[in-house]
Amino acid sequence: MTEASVRTQMASISKSWAGVRAGISSYARFMDGTLPHVSHFPVTIAGLRLWAVHFDNGDTLRTYISHLRFAHRVLNLPPIEAEDIVSSIVRGARRDTVRRIKPRVAGNHLDAIVRQAIREDDLKAARAYSVAYSFLFRCQSELFGIQSDGRDADVPYHSHIIFKEGSGRDPPSASVHLASRKNSQRGAVVSRPCICRRELPSLRCGHCALKAIVTSHLQRGGRPQDPLLTNLATSRATRTLRRRGSSLGIERCSWHAFRRGAASDIVRSGGTIGFLMNQGGWRSGAFLKYLLCSDVEDRRTLELTAVGLDSDSD
């Protein structure tokens, strides 16, 4: 069957030709190297079992098996049966999958990466790092398009910001009104108080960092409806962030690392699960993938220490 006819058949499914070919060629190379005297097709369960051993990710294996099923259809071969056996093979690969710890910028690492950006005279990035961490923003959809005031403007409305002065014991605060947010398509308000002390500004204060971004933008003649941080959505800004993270031992550092780091810090410092979900805008247990075992252990240590302090005070 010619490649042209294969492409025609593939037009009816969502996979790309290159993607399907990847799974088929992977299986073919394995068979050539392991069972050179055995025909590639039809695929046998015995062959699948041997091939599956080389996969660390069960989802990838299932995808590649779907490519082999497609090859069977193209070649007019009987379908690959024994779904229960195929599922057991995939589950086995999933059990062996090692969870990669994703990069996170938390605590002292945040302070260090902000200071590094300041030393390089990159004040906008330094402030954006603090805002991303403090507000637990999903940077691509929430931070980069943020507007000082996008209401009643000639551009699509993304957000508006309200700064509130402190009064009495209440510190100043910043509230970001988002037109939409994941899990809240009708919009959401994300507020953070100033955490600076009178004579000791904090590099982790999202309120002050956001206020400085807005003030600088308006002083340079920018319009309230203009996105404040679109230039940070570029690949160049991401490469710069990765370089700064790498210098601190944080490999593959990304903008989402600030959200992960803030989640870890909240749990380690004794914050409740309900508080964490509220701060991050989560509506399900999806936030659990952001946490490390060490976060929970540190939280437990903190609780035990607090119990000890209480008993001593009695």
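Me: A crossing is left-handed if the near helix is turned anticlockwise from the far one by less than a right angle, and right-handed if clockwise. Which hand does the crossing of H7 and H11 have?

Reply: Happy to start there! This is a predicted model, in which local features need pLDDT of at least 70, side-chain atom pairs count only at pLDDT 80 or more, and totals for chains, interfaces and linings use all residues. Residues are numbered from 1 along each chain as its sequence is written, and side-chain values use heavy atoms, leaving out hydrogens and water. For H7 (residues 123-135) and H11 (residues 256-268), the crossing is right-handed.

Me: How are H7 and H11 oriented relative to each other?

Reply: Their axes (lines fitted to C-alpha atoms over the stretch in contact, with angles from 0 to 180 degrees between N-to-C directions) come within 7 Å and cross at roughly 50°. Angles under 35 degrees count as roughly parallel, over 145 as roughly antiparallel, 65 to 115 as roughly perpendicular and the rest as oblique. H7 and H11 are therefore oblique.

Me: Which residues of H11 do Tyr-129, Ala-132 and Tyr-133 meet?

Reply: Contact here means heavy atoms within 4.5 Å. From H7, Tyr-129, Ala-132 and Tyr-133 meet four residues of H11: Phe-258, Gly-261, Ala-262 and Asp-265.

Me: Is Asp-226 buried or exposed?

Reply: Asp-226 sits in the loop between helix H9 (206-219) and helix H10 (235-247). Not counting residues up to four places away in sequence, Asp-226 touches Ile-146, Gln-147 and His-217. The relative accessible area of Asp-226 is 19%, and under 20% counts as buried, over 50% as exposed and in between as partly exposed (1.4 Å probe, protein chains only). Asp-226 is therefore buried.

Me: Which residue's backbone nitrogen does the side chain of Asp-226 reach?

Reply: The loop that holds Asp-226 joins H9 and H10. At 2.9 Å, the side chain of Asp-226 reaches the backbone nitrogen of Arg-223.

Me: And Lys-164, is it buried or exposed?

Reply: Lys-164 lies in strand E1 (residues 159-164), and touches Pro-172 and Ser-173, leaving aside residues up to four places away in sequence. Because its relative accessible area is 57%, Lys-164 counts as exposed.

Me: How far apart in space are Lys-164 and His-207?

Reply: In sequence, Lys-164 and His-207 are 43 residues apart. Taken C-alpha to C-alpha, their separation in space is 10.0 Å.

Me: Stepping back, what share of the residues of the chain counts as buried?

Reply: The chain has 13 helices and three strands (DSSP runs numbered from the N terminus: H or I of at least four residues, E of at least two). Among the contacts with a separation of 6 or more, residues 24 or more positions apart account for 61%. Of the 314 residues, the buried share is 40%.

Methods. A polar contact is a pair of N or O atoms within 3.5 Å; within protein, one must be able to donate a hydrogen and the other to accept it, and residues adjacent in sequence count only if both atoms are side-chain atoms.
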